[in-house]
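Hello,

Here is the structure you were waiting for. Please open it first, then read my notes on cysteines and charged pairs below.

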Amino acid sequence: MLMSPTLPADTGLTLMQRLDEIAQFSEGGPGVTRRPFTEEHRRANKMITAWMQRAGLEVHIDAAGTLVGRKAAAPGAKTLLIGSHQDTIRQGGRYDGIFGIALPILVLESLRERTLPYAVEVLAFADEEGVRFPTALMGPRALAGTFDSANLLKTDKDGVSLAAALSGFGGDPDGIAAARRDPDDLLGYLEMHIEQGPVLESLGLPVGIVTAICGIERWTVELTGQAAHAGTTPMDLRRDAFAGAAEAALEVESYCRATDGLVGIVASVSLLPNVPNAIPGQATFSIELRASEDSIREAAGAVISDAVETISARRGLECRLTRTYAQNAVPCDPGLRGALARSLIQSGCCPHRLMSGATHDASAMADLCPVAMLFTRCRDGLSHHPDEAITAEDAQASAECLAGFLQTLDPD
Ligand code: HGY
Ligand code: MN
Ligand code: MN
């Protein structure tokens, strides 16, 4: 790997140390749990602010609660946006999201004395995982002008609304509409992220260039049968909601296994009365479908929802099916991908291209400007897990690629 003239050889090590430090801001338990607009988020933002200031960036928090660090350029110059999310899933890893915030800040620190022909803004988005509130991506959607303000009324499990949490954190719910950026001012958006899958590791590569980000849709299903005594009720007189849910789950699995380019899961299951000696009268569960082609995903949604209705009718169950979320697949920008590929080749890395089966902040930023992503290998392809891991060498390779990209990107 050829060294970038500006990047210290221990950048990867420094990055790993910073990611270990910020991982402490967690709600406890295995792994990292950091939800948006919480004390843990506040403490993480304080550390990110210090990193940004050390890199010479001008720091502010925007109306949607995104922490922004800006490296200025000549008046009238366009801006390159780079970012990811600070939040995690419950008991997640220490690299998903925050890696794509800490890395660009550290690379910009090494370029502190360099003036680039464009401005750069590092964006630390508050909420990508949607763990605290039944909505997500407020930060990127505010910038893209696609945020639905009705989401501000949605509440967390304690009844705190997104608007109240945002206001209490220094955001401005009323100011979100004005946060929209003018795409003509922007060069694009780049997100550095761990792969969260096994492809790069299987190829023995440290980094890869994302070609497209999958589309996703989520359903909530509520099956209602009849709770009854588990011992006295004959099998042929039961209306077992969980048995219906289980049959639906197997239907999702078999349909996805049989359809190329589609993955699906039934998860987030809750039963009532959920005791060993009563027949489940109610089963509520989520269905999530993902595909690189929107037509494949939408066809799957139609077939699977019909199948759930058929299973319910045959079992005498009431069925309430709601599609709660949908996000189209996003192609990554050929121009930005080409600039990443040139930088990788320059730094001696193979410019391997791959699809993203995870969604990202970039999925929403694509409504604003051209987007690109660089993936970094993660051990065993594991993510959304406390054992999520990367190496300092791969962090260095990612930093080298970004340093080269920033110094060769053509702003015209
Ligand atoms: O679910 C996802 O793909 C992302 O990690 N939120
Ligand atoms: Mn994630
Ligand atoms: Mn992520």
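Start with Cys349. Its closest cysteine sulfur is in Cys401, and the gap is 7.3 Å, too far for a bond. A disulfide needs the two sulfur atoms within 2.5 Å, so this pair does not count. Cys349 is buried, at 11% relative accessibility. Bear in mind that this is a predicted model.

Cys332 gives a similar story. The closest cysteine sulfur to that of Cys332 belongs to Cys214, 11 Å away, which is too far for a bond. Cys332 is buried too, with a relative accessible area of 4%. Across the whole structure, the search for disulfides returns 0.

Now the charged pairs. The whole structure holds 19 salt bridges. Here are some of them.

Glu109 and Arg18:
- Their side chains meet in a salt bridge, 3.0 Å from N to O.
- The pair ties together distant parts of the chain, 91 residues apart. Glu109 sits in helix H3 (residues 99–110), and Arg18 sits in helix H1 (residues 11–22).
- Glu109 and Arg18 are both buried.

Asp394 and Arg377:
- This salt bridge has its closest N and O atoms 2.7 Å apart.
- Here too the pair links distant parts of the chain, with the two positions 17 residues apart. Asp394 is in helix H11 (residues 392–408). Arg377 is in the loop between strand S15 (371–376) and H11.
- Asp394 is buried, at 5% relative accessibility. Arg377 is partly exposed, with a relative accessible area of 22%. The cut-off for buried is under 20%, so Arg377 falls outside that class.

Arg257 and Glu253:
- The closest N and O atoms of this salt bridge are 3.5 Å apart.
- Both residues lie in helix H7 (residues 241–257). They are 4 residues apart, about one turn of the helix.
- Arg257 is exposed, with a relative accessible area of 69%. Glu253 is partly exposed, at 39% relative accessibility. Exposed requires over 50%, so Glu253 does not reach that class.

One more item goes beyond a simple pair. Which residues are linked in a network of salt bridges? They are Glu217, Asp294, Arg297 and Arg323.

To recap: the search finds 0 disulfides and 19 salt bridges. Cys349 and Cys332 are both buried. The Glu109 and Arg18 pair is buried on both sides, whereas the Arg257 and Glu253 pair has an exposed arginine and a partly exposed glutamate.

Best wishes

Notes:
Residues are numbered from 1 along each chain as its sequence is written. Chains are lettered from A and ligands numbered from 1 in the order in which they are written. This is a predicted model: local features need pLDDT of at least 70, side-chain atom pairs count only at pLDDT 80 or more; totals for chains, interfaces and linings use all residues. Side-chain values use heavy atoms; hydrogens and water are left out. Buried means under 20% relative accessible area, exposed over 50%, partly exposed in between (1.4 Å probe, protein chains only). A salt bridge is a side-chain nitrogen of Lys or Arg within 4 Å of a carboxyl oxygen of Asp or Glu.
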